[in-house]
Amino acid sequence: MLLPMRRPPAAPSSPAFSPHVSPLGLRRQLHGRAGGEFELRFRQIDRVRLCTVARASPVEVDASPAGFGRRAIVGVVLAMSLSAPAYYRAPPPSSALTEENLIFLEAWRAVDRAYYDKSFNGQSWFMYRERALRDEPMNTREETYTAIKKMLSTLDDPFTRFLEPEKFKSLRSGTQGALTGVGLSIGYPLALNGSPAGLSVMSAAPGGPAEKAGIVSGDVILAIDDRSAQDMDIYDAADRLQGPEGSSINLTIRSGADTRHVVLKRERYTLNPVRSRMCEIPGSEDSSKIGYIKLTTFNQNAAGSVKEAIKKLRDNNVKAFVLDLRNNSGGLFPEGIEIAKIWMDKGVIVYICDSRGVRDIYEADGATTIAASEPLVVLVNKGTASASEILAGALKDNKRAVVYGEPTYGKGKIQSVFALSDGSGLAVTVARYETPAHTDIDKVGVIPDRPLPASFPTDEDGFCSCLKDPASPCNLNAARLFARS
């Protein structure tokens, strides 16, 4: 989707100084990946001459495409500095900059314009640029990438990060539901009986490399390329599993009591974000048929797939729904908003904030709502992150759903992705958000209404079995499943 944008106001003219500043192009686009986490607004970063000092300040732009109906602050004003203090060594003229310097400056400029914390973690962002150009080696592309990573690390923000060309390409392809990897959806497992923890396999894509190797839901990844996955972050693991088509990756897998090593070759595959089935509960009058919908990621097919699942389940006379967001680490911000609108016909979905406070509000207006009245349960865990948390928070705070599980991951920030001219990119934190109750969930998570049994399964067949068998340790009382008290 596109956001119309006005050109930034022109800089003051000066007979002795005439910098070239290209307008910033903005396209609000979608994001998704296996283990993905953030909204993508792909922006091409134009090179700026070194004599220009860019200071970002908000500019209102008319942002009113279908479904958004609000004004969003997304522009910048460029303030020009015409001279430097006498004691400070002036930067070299742009003609003296190397190709590697210019790549570094593209990355610096992206953060300068878009980063949500204008204190840049309590440092002078301009001074950092000058020191880096003077002191950091940038003779090869690898050295330039190292300099960019070092620069981003000073922000102390794990979600603002550099993406090499292959990772950036894979991330962009994921927005369209296509990925290059081994075909695994992963999440955080529970360590049971003292067994070593790793990363749980939630599902293997049909026909993908992992499924062909016999990897199934419930298996645990203990190591990726000989690096232990016990304390590995889910986002780091997802990056490692993806890579160039045809490249190989070594996994250590625990299946039950057996541990084995497998070598997989990465392939390009399509990720279906939704799985669903109907569960018929004996002896339950009001909700004898429950529709279970497992949403694994927020790619550009997610909202449409959820709608299709609801309609298909309704054809089987389903009277209530369970939306499973466990181990869904996020994806496209706009898809999260659209899925909230499927279940809500009114109310605030999320507040978008910056250092000054609320800058934008997303609300449901009923235009695309198709399931606002049926009873709804949402399942979450610590692998529920980003767009999943926005959706869970909206449904909980508007009392549209009863939320079961454990506190979610706690990623209360939104990223945009910027394309650099050599094919690499940056993920930059551009805003934080609050739930409709003005709760900042960052590092805290969405707190569920009720816990789930420790042994509660993560797949659709197991879910139905737990509801049907009153004697099962994972059983939930179907008659009270949707009750608020």
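Reader: Is Asp 461 buried, partly exposed or exposed, and what is the relative accessible area?

Author: This is a predicted model. Partly exposed covers what lies between under 20% and over 50%. Asp 461 has a relative accessible area of 44%, so Asp 461 is partly exposed.

Reader: Which residue forms a salt bridge with Asp 461?

Author: A salt bridge needs a side-chain nitrogen of Lys or Arg within 4 Å of a carboxyl oxygen of Asp or Glu. Here the partner of Asp 461 is Arg 277, with 2.6 Å between the closest N and O atoms. The two belong to distant parts of the chain, 184 residues apart: Asp 461 sits in helix α10 (residues 460-468) and Arg 277 in strand β13 (residues 274-280). Arg 277 is partly exposed too, at 27%.

Reader: What does the pair of Lys 150 and Glu 136 tie together?

Author: First the contact: these two form a salt bridge, and their closest N and O atoms are 2.8 Å apart. Lys 150 is in helix α3 (residues 141-153), while Glu 136 is in the loop between α2 (125-135) and α3, so the salt bridge ties together parts 14 residues apart in sequence. With 43% relative accessibility, Lys 150 is partly exposed.

Reader: Which residue pairs with Asp 135?

Author: Arg 134 does, in a salt bridge whose closest N and O atoms are 3.2 Å apart. Arg 134 counts as partly exposed because its relative accessibility is 42%.

Reader: How many salt bridges does the structure hold, and which residues are linked in a network?

Author: There are 18 salt bridges in the structure. Glu 100, Arg 141 and Asp 422 are joined in a network of salt bridges.

Definitions and conventions:
Residues numbered from 1 in each chain as written. Predicted model: local features only at pLDDT ≥ 70, side-chain atom pairs only at ≥ 80, totals over all residues. Heavy atoms only, no water. Buried < 20%, exposed > 50% of the residue type's maximum accessible area, 1.4 Å probe, protein only. Helix = DSSP H or I, 4+ residues; strand = E, 2+ residues; numbered from the N terminus.
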